[in-house]
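Please open the model in a viewer and keep the sequence panel visible. The stops below proceed from the whole chain to individual side chains.

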Amino acid sequence: MKITEEVRAAILKKCQEELKQLIRDLCAIPAPSHHEEKRAVFLKRYWQLMPVSKIAEQLHCSEARIHSMLHRLRQSLHEFLMKEGFFQ
């Protein structure tokens with residue numbers, strides 16, 4: 001049995017949609033610990049460039065909490081980099 005290009009493209013599209021949904025579902029699972037939650041927030045905001053509103057929605061918390069967490073994370077990163085000699 002020969003699969004046509006249209007069928008192949010339809011199967012590929014369906015698989016891609018299911019994979020994207022799986023990744024969205026996995027990203028939406030709240031982090032189990034405080035440190036993992038911080039890491040997740042940092043990566044979602046600065047690596048995935050996710051809006052604060054979306055992060056707050058996924059973690060079931062307020063946008064103010066996310067802004068506060070990001071502020072503290074940036075401060076901690078700055079202090080670490082200063083301690084390591086990256087800034088004077």
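**The whole chain**

Begin with the entire protein displayed as a surface: its accessible area comes to about 7,500 Å², of which 61% belongs to carbon and sulfur atoms. Please bear in mind throughout that this is a predicted model.

Change next to a cartoon representation. The protein contains 4 helices and 0 strands, and along the sequence the elements follow the pattern α-α-α-α. The radius of gyration is 19 Å, well over the 12 Å that the globule rule gives for 88 residues, so the protein is more spread out than a compact globule. With the view aligned to the principal axes, the C-alpha atoms fill a box of roughly 70 × 30 × 20 Å.

Colour the residues by relative accessibility. Of the 88 residues, 17% count as buried. A contact display adds a further aspect: among contacts between residues at least 6 apart in sequence, 41% join residues at least 24 apart.

Then select the charged side chains. How many are positive and how many negative? The protein has 15 positive and 11 negative side chains, and the centres of the two sets lie 2 Å apart.

**Helix α2: an aromatic pair and a lysine**

Select residues 34-46, which form helix α2, and show the side chains of Phe42 and Tyr46. These two residues lie 4 residues apart in the helix, about one turn. The count of aromatic pairs in the model comes to 1. Phe42 and Tyr46 form that pair, with 5.1 Å from centre to centre and 55° between the planes, and the arrangement is tilted. The tilted label applies because an angle under 30 degrees would count as stacked and one over 60 as edge-to-face.

Are these rings buried, exposed or partly exposed? Phe42 has a relative accessible area of 28% and is partly exposed. Tyr46, at 35% relative accessibility, also counts as partly exposed. Both assignments follow because partly exposed covers the range between the 20% limit for buried and the 50% limit for exposed.

Remain in helix α2 and select Lys38. Lys38 is partly exposed, at 28% relative accessibility. Beyond its neighbours within four places in sequence, Lys38 is in contact with Met69 and Leu73. For a distance check, draw a line from Lys38 to Lys83: the two are 45 residues apart in sequence, and their C-alpha atoms are 21 Å apart in space.

**The loop between α2 and α3**

Proceed to Leu49, which is found in the loop between α2 and α3. What is the sign of its phi angle? Phi of Leu49 is near 55°, a positive value in a residue other than glycine. Most residues other than glycine have a negative phi. Leu49 counts as exposed, with a relative accessibility of 64%.

**Helix α3: a buried glutamine**

Select residues 52-59, helix α3, and centre the view on Gln58. Gln58 has a relative accessible area of 11% and is buried. Which residues does Gln58 contact when neighbours within four places in sequence are set aside? Display Cys27, Ala28, Lys44 and Met50 around Gln58 to see these contacts.

**The loop between α3 and α4**

Select His60, in the loop between α3 and α4. His60 has a phi near 55°, a positive value in a residue other than glycine. The relative accessible area of His60 is 65%, and the residue is exposed.

**Helix α4 and the segment after it**

Residues 63-83 make up α4. Select Glu63 in this helix. At 42% relative accessibility, Glu63 counts as partly exposed. Not counting residues up to four places away in sequence, Glu63 touches Val52, Ser53 and Ala56. A distance line from Glu63 to Trp47 spans 18 Å between C-alpha atoms, for residues 16 apart in sequence.

Finish at Phe86, in the segment after α4. Phe86 is exposed, with a relative accessible area of 60%. Draw one last line from Phe86 to Cys61: these residues are 25 apart along the chain, and their C-alpha atoms are separated by 34 Å.

Note on methods: Residues numbered from 1 in each chain as written. Predicted model: local features only at pLDDT ≥ 70, side-chain atom pairs only at ≥ 80, totals over all residues. Heavy atoms only, no water. Rg over C-alpha atoms; globule rule 2.2 N^0.38 Å. Buried < 20%, exposed > 50% of the residue type's maximum accessible area, 1.4 Å probe, protein only. Contact = heavy atoms within 4.5 Å. Areas by Shrake-Rupley, 256 points an atom, 1.4 Å probe, with all protein chains shown as cover. Lys, Arg positive; Asp, Glu negative; His and termini not counted. Charge placed at Lys NZ, Arg CZ, Asp CG, Glu CD. Phe/Tyr/Trp six-rings, centres within 6.5 Å; stacked < 30°, edge-to-face > 60°.
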